[in-house]
Amino acid sequence: MYCIETNNLTYKFSGNETVLNNVNLQIPTGSIYGFLGPNGAGKTTTLRLVLGLLKKQQGTISIFNKSFDANRIEILKNIGSLIEAPSLYAHLNAKDNLEILQKVYQCPKSRIGEVLEIVGLSETGKKKTGKFSLGMKQRLSIAIALLHNPTLLILDEPTNGLDPNGIHEIRELLMKINAEHKVTILISSHLLSEIEKMVTHVGIINRGVVLFQGTLQELQLKQSQSSSICFDTSNSELALEILKANNIAATIANGQVIISAVEKEMIAKMNSEFVKNKVEVYQIATIKDDLESIFIDLTKN
């Protein structure tokens, strides 16, 4: 079952500039879905449409298996969100900020202490929000998004501008919220390396077009398929000839022979051929593109 599903979502700004082109997202219930793409790829526009912050032009949006158009208020009551910069009262402490929203949401006052505990800000006391670090402000914003106990959390670049420690804290927090509180999380980012350690599913968008969508394991399979085999030998030129004689395309780079990934039986056979032709093999290694490289290649091409 999908928590969010869009069908042919298309959006154009003035001047007929297409920002989104037939975007079909499928975000499973209970997942942490990483929505990835370079700056300007269409991530924030998509999230704004899903939240009703922009008027939909073309396509359909279904959330909790209900049409967003027909059930807008009911759906939004179960969504917490943080789009772009956090909106906080700098002269108030964390508890006071939450009390204002608690009255708006009309949720139990006990919920304030609960969300402060969840995000690790229960000990901040009377410290004003203006003196919080960026990481603390982001965590307080997530606490506000959780205040009315939503089942879906939508976050736009929540680790943007954070140092490595802050990124780690937000990552651990979101994994905890997902696992312990059963909240589905849709998180956008332009850096795969920042969120690949926590997401279960990935969608990659560039120039308004979704280039990949699936589980993290499927993206990792794409990684294994893009790997190469490297032979470090005593005679690269002769090794190259032997490979070509066996109908295996190969190149030489940095004095080593490179071929595309093949079955391990073929690697053993080529090794035997090298030895038979008096080519000494010093090393056989697998070279894999990391996930970040695959992400860059997809968005570049």
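This is a short tutorial dialogue on reading a sheet, its helices and its aromatic pairs in a predicted model.

Student: Let's start with the sheet. In what order do the strands of the open sheet come?

Tutor: As a general idea, strands of a sheet pair through backbone hydrogen bonds, either parallel or antiparallel. Here you have an open sheet of 6 strands, in the order β7-β8-β9-β4-β10-β11, and the pairing is mixed.

Student: Which are the edge strands?

Tutor: Look at β7 (79-82) and β11 (209-215), each of which pairs on one side only. Going from one strand to the next, the twist averages 15 degrees.

Student: How many bridges join β4 to β10?

Tutor: There are 4 bridges between strand β4 (residues 32-36) and strand β10 (residues 201-206), and the two run parallel. For a spot to zoom in on, take L36, whose bridge partner in β10 is I204.

Student: And the helices? Which strands does α5 touch?

Tutor: Helix α5 packs on the sheet and touches β7 and β8 (152-156), with its direction at about 155 degrees to that of β7. Helix α6 (residues 164-181) also packs on the sheet, where it touches β4, β8 and β9 (184-189). The direction of α6 makes about 155 degrees with that of β9.

Student: Let me pick one residue, then. Where is Q138 found, and is Q138 buried or exposed?

Tutor: Q138 sits in helix α5, which covers residues 134-146. Q138 counts as buried because its relative accessibility is 4%, and the cut-off for buried is under 20%.

Student: What does Q138 touch?

Tutor: Leaving out residues up to four places away in sequence, Q138 touches L82, P86, E157, P158, T159, L162 and I170. Of those contacts, L82 falls within the 79-82 range of β7, and I170 within the 164-181 range of α6.

Student: Now the rings. How many aromatic pairs does the structure hold?

Tutor: A pair of aromatic rings is described by the distance of the centres and the angle of the planes. This structure holds 2 such pairs. One is Y11 with F13, edge-to-face, at 5.4 Å centre to centre and 85 degrees between the planes. Y11 counts as buried because its relative accessibility is 9%, whereas F13, at 37%, is partly exposed.

Student: What about F231 and F274: what kind of aromatic pair do they form?

Tutor: An edge-to-face one, with 5.3 Å centre to centre and 85 degrees between the planes. This pair links distant parts of the chain: F231 lies in strand β12 (residues 228-233) and F274 in helix α10 (residues 264-276), 43 residues apart. Both F231 and F274 are buried.

Technical notes:
Residues are numbered from 1 along each chain as its sequence is written. This is a predicted model: local features need pLDDT of at least 70, side-chain atom pairs count only at pLDDT 80 or more; totals for chains, interfaces and linings use all residues. Side-chain values use heavy atoms; hydrogens and water are left out. Buried means under 20% relative accessible area, exposed over 50%, partly exposed in between (1.4 Å probe, protein chains only). Contact means heavy atoms within 4.5 Å. Rings of Phe, Tyr and Trp (its six-membered ring) pair if their centres lie within 6.5 Å; planes under 30 degrees apart count as stacked, over 60 as edge-to-face and the rest as tilted. Two strands pair if DSSP finds at least two bridges between them. Axes are lines fitted to C-alpha atoms, for helices over the stretch in contact, and angles run from 0 to 180 degrees between N-to-C directions.
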